[in-house]
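Hi,

Here is the structure I said I would pass on. Have a look at it first, and my notes on what turned up follow below.

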Amino acid sequence: MNPTTDLSPENKEQAQHGERMFPLKRYITTLSDLYPAVNAHWHDEAELTLITEGSCSYHIHLDTHDACEGDILFIPPAELHSINVRPGEKMCSRTYVFHMDFLGTSSTDICTLRYLTPIRRHTLLLPCIIKKDHPTYPQMAELFSQADKVYEEMPQGYEMILKALLLCAISALLPYREVENTRPQLEDEHTAKLKLVLEYIGEHYPEELSVPQLSKLCFFSEYHFMRFFKKYTGISCLEYIKNLRLEKAASRLAQGGQSVLDVSMSCGFSNLSYFYREFKKKYGMTPKKFIQEAPSLPFLPEQNSILKPPSTCYNKQEY
């Protein structure tokens, strides 16, 4: 088993993590100046992450958390999140992405009713970042270490062991939970609006998109929308759209069979010289050079996501 893929942007991920009968997969993610961000997205699975090197900023729901080497993060299902590294810095992490059904949410026992379903519905909130001074950190670090060993060695019954370890991790966080959803209604409304905008951009990125057009989706003024978007994603709306288009273009160039002009036009760039300039700025080479180097590149744009297994923009791999 070689389960490592990429964690990528583009609102709601459609990729299946793991197999239908074993919906769990481990990913290795690397962010640096070349691929400095995992754009805002969400998926039906939960995540358990260990930062193995460097530091970064995690945007989870509408909050920002500084994470560094050794920190552990838990992200519940359907939670909007993104990651950024500062210029000149690097971050590496290991992430287990798993569906809550794997832990038993499809059954109706007391564990499901009292804990797993409320976590899934965000009515029971677990701490999202566990630093070394947190009371449960030693236990969480040990559970993560055991999970890595089992995942890599695959002893008989490894599926059951991994399931048990994930349940133990959640139970270790339970004493520090918020019993009720204390998020203000306005926060939930903002999250819903941001998801709507990201989904719209993901579906219409090849088309002409503007701030006035997108702000209307949220019923915000343009000024309020621009501040709102940057506050909760870490980058401006126009920067987000440009990055998404460049990542889509790089993925298509790597696949071959299309000219640079056709790719740029199909990804929303009407000006070829502008596309060349921005592509080189992001990837450190011209589109034509990228096509030549693609077979030897360690990762490609759309693989940069937990979304699509074989590629990666911020180099997320399956282990």
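**Aromatic pairs**

Tyr-151 counts as buried, because its relative accessibility is 1% and the cut-off for buried is under 20%. Bear in mind as you read on that this is a predicted model.

What does Tyr-151 pair up with? Its ring forms an aromatic pair with Tyr-96. The geometry is edge-to-face, with 5.5 Å from centre to centre and 80 degrees between the planes. This pair ties together distant parts of the chain: Tyr-96 belongs to strand E8 (residues 91-98), Tyr-151 to helix H2 (residues 137-153), and 55 residues separate them. Tyr-96 is buried too, at a relative accessible area of 2%.

Another pair to look up is Phe-269 with Tyr-274, which is tilted: the centres are 6.1 Å apart and the planes make an angle of 40 degrees. Here the two partners fall into separate classes, since Phe-269 is buried at 4% relative accessibility, whereas Tyr-274 is partly exposed at 30%. Both also belong to an aromatic cluster, together with Tyr-35, Phe-275, Tyr-276, Phe-279, Tyr-283 and Phe-290. Searching the whole structure gives 15 aromatic pairs.

**Strand E6 and its partners**

Next, try strand E6 (residues 72-75), which is covered on both faces. Ile-72 and Phe-74 are buried on one side, and Leu-73 and Ile-75 are buried on the other.

Which strands does E6 pair with? One is E4 (residues 46-60), which runs antiparallel to E6 and is joined to it by four bridges. If you want a spot to zoom in on, Ile-75 in E6 is the bridge partner of Glu-47. The other one I have for you is E9 (residues 129-130), also antiparallel to E6, with two bridges between them. There, Leu-73 has Ile-129 in E9 as its bridge partner. So that you can link this to the burial pattern: Leu-73 and Ile-75, which take part in these bridges, have their side on the face opposite Ile-72 and Phe-74.

**Helix H7**

Last stop: helix H7, which covers residues 237-255 and has 19 residues. From the first C-alpha to the last it reaches 28 Å, close to the expected 27 Å at 1.5 Å a residue. Is H7 enclosed or open to the outside? It is largely enclosed by the rest of the structure, because 14 of its 19 residues are buried. Just after the helix comes Gly-256, which has a positive phi of about 75 degrees.

Cheers

Conventions
Residues are numbered from 1 along each chain as its sequence is written. This is a predicted model: local features need pLDDT of at least 70, side-chain atom pairs count only at pLDDT 80 or more; totals for chains, interfaces and linings use all residues. Side-chain values use heavy atoms; hydrogens and water are left out. The expected span of a helix is 1.5 Å times one less than its number of residues. Buried means under 20% relative accessible area, exposed over 50%, partly exposed in between (1.4 Å probe, protein chains only). Rings of Phe, Tyr and Trp (its six-membered ring) pair if their centres lie within 6.5 Å; planes under 30 degrees apart count as stacked, over 60 as edge-to-face and the rest as tilted. Two strands pair if DSSP finds at least two bridges between them.
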